[in-house]
Amino acid sequence: MTTFDRRTLLKTGVVLAGGAAVMTAFPGVASAYSWPSSLRSGSTGAAVKELQIRVAGWAADGPKQTCVAVDGDFGPGTAAALTRFQVANHLPATGIADSDDFAALNALESADGSTAHFEFGEFTSKDGSGFDGGKVGAATVKENVRRLMYKLEALRLKAGGRAITISSGFRSIAHNQSVGGASNSMHLYGVAADIYVSGLSTRQVYVLAEACGFSGLERYTLSDAHQHVDSRVEYPYGSQSWWWESGTIS
Ligand code: ZN
C-alpha cells in the first residue's frame with residue numbers, strides 16, 4: 001500500500017477486508033496528542049518528551065541494559081528507538097518522526113490517556129485504593145503507569161500481539177504489606193507490573209523484556225509463575241542500579 005493509504009487508514013481506523021470496509025478499534029484518535037509536523041535529532045521540548053515516553057519500549061534490539069531518557073532532548077537514543085518502532089510498524093525507518101509515525105503512535109492512545117491494549121483499572125491497587133496510598137501521589141502514580149503502558153505495548157508487539165495480563169500493578173503501602181512486598185517495592189510508585197503473557201513462559205517474557213528498557217526484571221517460577229518488570233533507574237525512588245535477577249539471558 002502507498003504511504004498515503006497507510007496514513008489514511010491509521011487516521012480513520014478503516015481497513016479493507018475482502019473488499020468490505022471494516023471499522024477497527026482505535027479509541028481516542030480524535031482527542032489524541034497533538035504533535036508538531038515533525039521531530040528529529042536536535043529537536044527539544046515537550047513533544048520530544050512525549051515521543052520518548054511512547055518509544056521507550058524500543059530501547060534496544062536485544063538484551064541490553066539501556067533505556068530511552070525522557071528528557072525532551074532528541075538524541076541518538078531517541079532516534080534509534082524511534083527507528084525500531086518504525087520497523088516494527090512497517091513504516092519507513094528514517095529515525096525522523098513525521099505524520100505517519102504520529103498517526104501510528106496516536107493509534108496506540110486511548111481517550112483517557114491509557115493505551116490501546118491496557119486500562120488504568122488493570123493497574124490500580126487490589127485493596128480498592130485506586131492510585132492512592134502509595135509512596136507518591138495518585139497523579140504521579142497515574143503518569144508513571146501511563147509510561148509503563150507504552151513499554152508494555154512494545155513488549156506486546158514483540159510477543160506477536162499476545163495478550164498481556166497484569167496480575168499486580170500499583171500497590172498502596174497497606175496492600176503491599178499484606179502481600180509481603182519489599183518495603184521499597186517499585187509497585188508502590190506505579191513503575192512496576194507483574195505480568196503473564198498468553199502462550200509464553202516467564203523465561204521467554206524475560207528475554208523480550210530485556211529489549212524494552214526495563215531496568216528491574218525478576219522471574220517468579222514457583223507457585224505463581226509471572227514476570228516482574230519495572231523502570232527503577234528512570235525514577236528517583238530506588239537505587240537507580242540495574243537489577244536483572246537472572247542476569248542477561250537470550
Ligand atoms: Zn512485582
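**A zinc site and its surroundings in a predicted model**

Along the chain, the donors of the zinc ion follow the spacing H-x6-D-x33-H. Donors here are N, O and S atoms within 2.8 Å of the metal (3.2 Å for Na, K and Ca), and water is not among the atoms, so sites may look incomplete. The structure is a predicted model, in which local features need pLDDT of at least 70 and side-chain atom pairs count only at pLDDT 80 or more, while totals for chains, interfaces and linings use all residues. Residues are numbered from 1 along each chain as its sequence is written, and side-chain values use heavy atoms, with hydrogens and water left out.

The protein donors of the zinc ion are H187 through NE2, D194 through OD and H228 through ND1, and they lie 2.0 to 2.1 Å from the ion. Both H187 and D194 are buried, where buried means under 20% relative accessible area, exposed means over 50%, and partly exposed falls in between (1.4 Å probe, protein chains only).

Stepping back to the whole chain, its secondary structure comes to 7 helices and 7 strands; helices (H or I, at least four residues) and strands (E, at least two) are DSSP runs, numbered from the N terminus. Read from the N terminus on, the order of elements is α-β-β-α-α-α-α-β-α-β-α-β-β-β. Of the 250 residues in the protein chain, 46% are buried. Contact means heavy atoms within 4.5 Å, and among contacts between residues at least 6 apart in sequence, 64% join residues at least 24 apart.

One helix pair can be followed in detail. The axes of α2 (residues 46-54) and α5 (residues 138-158) come within 7 Å and cross at roughly 60°. This makes α2 oblique to α5. Axes are lines fitted to C-alpha atoms, for helices over the stretch in contact, with angles running from 0 to 180 degrees between N-to-C directions; under 35 degrees counts as roughly parallel, over 145 as roughly antiparallel, 65 to 115 as roughly perpendicular and the rest as oblique. On the α2 side the contact is made by K49, E50, I53 and R54, and on the α5 side by E143, R146, R147 and Y150.

A97 sits in the loop between α3 (76-88) and α4 (99-107). With a relative accessibility of 0%, A97 counts as buried. Leaving aside residues up to four places away in sequence, A97 touches S37, S38, L39, L51, L82 and F102.
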